[in-house]
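Reader: I would like a close look at a single part of this protein, taken slowly and set in the context of the fold around it. Please begin with the overall make-up and then concentrate on one sheet and its strands.

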Amino acid sequence: MSSAGELQVVEFGLGNEVFAIPVALVREILDYAPPSYLPNGPAHFIGLTDLRGQGVPTVDFRRRLGLPTADPTLATRILILDVRLTDRLLTLGVVIDRVLSVTSFEKADIEPAPDIGISWNSEYITGVVRRDTGFVVIVDAARIFTTEDAIGIGSEGQLVNA
């Protein structure tokens, strides 16, 4: 459990980059299994993952961030996230290269997202934490999976939890 001055996160890797997402959003972490294809979704939508009988819309986080795709490995995982949107809770599978750790950051150590010098849209970033080995980018999951994206993923077959 973290104190009021800390943010507990799941750190994960995409290629050489390290990202983090608040633990409060992560329902569970699954070993990778290819999602079942579903046509006509956004480019980053790769299908449905079976989660104990529930079809969970699944996205390739690399594609969503505009990074090159990569073939799955034994370390590839699917994070099952519960993301609070304005009008509902979106349950979403997110394919990542590997889980690195569950850790806490002191909120005082979290720097604001930089305006320049990164190759992705900074509105998707809550902040960054500086380390000797580089930066950990804290992702704003609710902004990455906007209402427009959620409608594209979940409107046809009621795939999103209400």
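How many helices and strands does the secondary structure of the protein come to, and how do strands β1, β2, β10 and β11 fit together in their sheet?

Author: This is a predicted model, and what follows should be read in that light. The secondary structure comes to three helices and 11 strands, and along the sequence these elements follow the pattern β-β-β-β-β-α-β-β-β-β-β-β-α-α. Of the protein's 162 residues, 43% count as buried.

The part to look at closely is an open sheet of six strands in the order β8-β1-β2-β11-β10-β9, in which the pairing is mixed. Its edges are taken by β8 (98-106) and β9 (110-111), and because each of these has a single partner strand, one side of each is left without a neighbour in the sheet. As a general point, strands of a sheet pair through backbone hydrogen bonds, in either the parallel or the antiparallel sense, and the inner pairings here can be followed one by one.

Starting with β1 and β2, these two strands run antiparallel and are joined by six bridges, with V9 standing opposite P22 of β2. They form a hairpin with two residues between the strands, in which G15 takes a positive phi near 60°.

From β2 (residues 17-22) the sheet continues to β11 (residues 134-139), and here the pairing is in the parallel sense, over three bridges. Two of the facing positions can be named: V18 stands opposite V136 in β11, while F19 has V137 of β11 as its bridge partner. Strand β2 is also mostly covered, since five of its six residues fall under the 20% relative accessible area that defines buried.

On the next step of the sheet, β10 (residues 125-131) and β11 run antiparallel and are joined by six bridges. The two strands form a hairpin with two residues between them. Within this pair, I125 has V139 of β11 as its bridge partner, and V128 stands opposite V137 of β11. V137 therefore appears in both pairings of β11, facing F19 of β2 and V128 of β10, in a sheet whose strand order places β11 between β2 and β10.

Just past the end of β11 comes D140, in the loop between β11 and α2. With a relative accessibility of 22%, D140 counts as partly exposed, because that class lies between the limits for buried, under 20%, and exposed, over 50%. D140 and I21 are 119 residues apart in sequence, yet their C-alpha atoms are 7.4 Å apart in space.

I21 also leads into the interior of the protein. The largest nonpolar core has 25 residues, and those with the most contacts inside it are F12, L14, I21, F61 and V94. The elements giving two or more residues to this core are β1 (6-14), β2, β6 (77-84), β7, β10, β11 and α2 (141-144), and β7 gives the most, with four residues. In soluble globular proteins, nonpolar side chains tend to be buried together.

Since β6 and β7 are among the contributors to that core, the other sheet deserves a description as well. Five strands form this open sheet in the order β3-β6-β7-β5-β4, again with mixed pairing. Its edge strands are β3 (26-31) and β4 (45-51), each of which pairs on one side only, and the twist averages 35° from one strand to the next. Within this sheet, β5 (residues 54-60) and β7 (residues 89-96) pair in the parallel sense over three bridges, with T58 standing opposite G93 of β7.

In the loop between β4 and β5 lies R52, which has a positive phi of about 50° although it is not a glycine. Most residues other than glycine have a negative phi. R52 counts as exposed, because its relative accessibility of 66% is over the 50% limit.

Strand β7 also takes part in a pocket. The second largest pocket holds about 220 Å³ of space, and of the 14 residues that line this pocket, the closest to its centre are D60, A70, D71, P72 and V95. The elements that give two or more residues to the lining are α1 (61-64) and β7. By class, the lining of this pocket has six nonpolar, three polar and five charged residues. Strand β7 is thus found in the five-strand sheet, among the contributors to the largest nonpolar core, and in the lining of the second largest pocket.

Terms used: Residues numbered from 1 in each chain as written. Predicted model: local features only at pLDDT ≥ 70, side-chain atom pairs only at ≥ 80, totals over all residues. Heavy atoms only, no water. Axes fitted to C-alpha atoms, helices over the stretch in contact; angles between N-to-C directions. 1 Å grid on protein atoms, 1.4 Å probe; cavity = no way out; pocket = protein on both sides within 12 Å on 5 of 7 lines; lining within 4 Å. Points joined across faces, edges and corners; volume = space filled by probe spheres on them. Nonpolar A, V, L, I, M, F, W, Y, C, P; charged D, E, K, R; others polar. Core = buried A, V, L, I, M, F, W, Y, C linked by side-chain atoms within 4.5 Å. Buried < 20%, exposed > 50% of the residue type's maximum accessible area, 1.4 Å probe, protein only.
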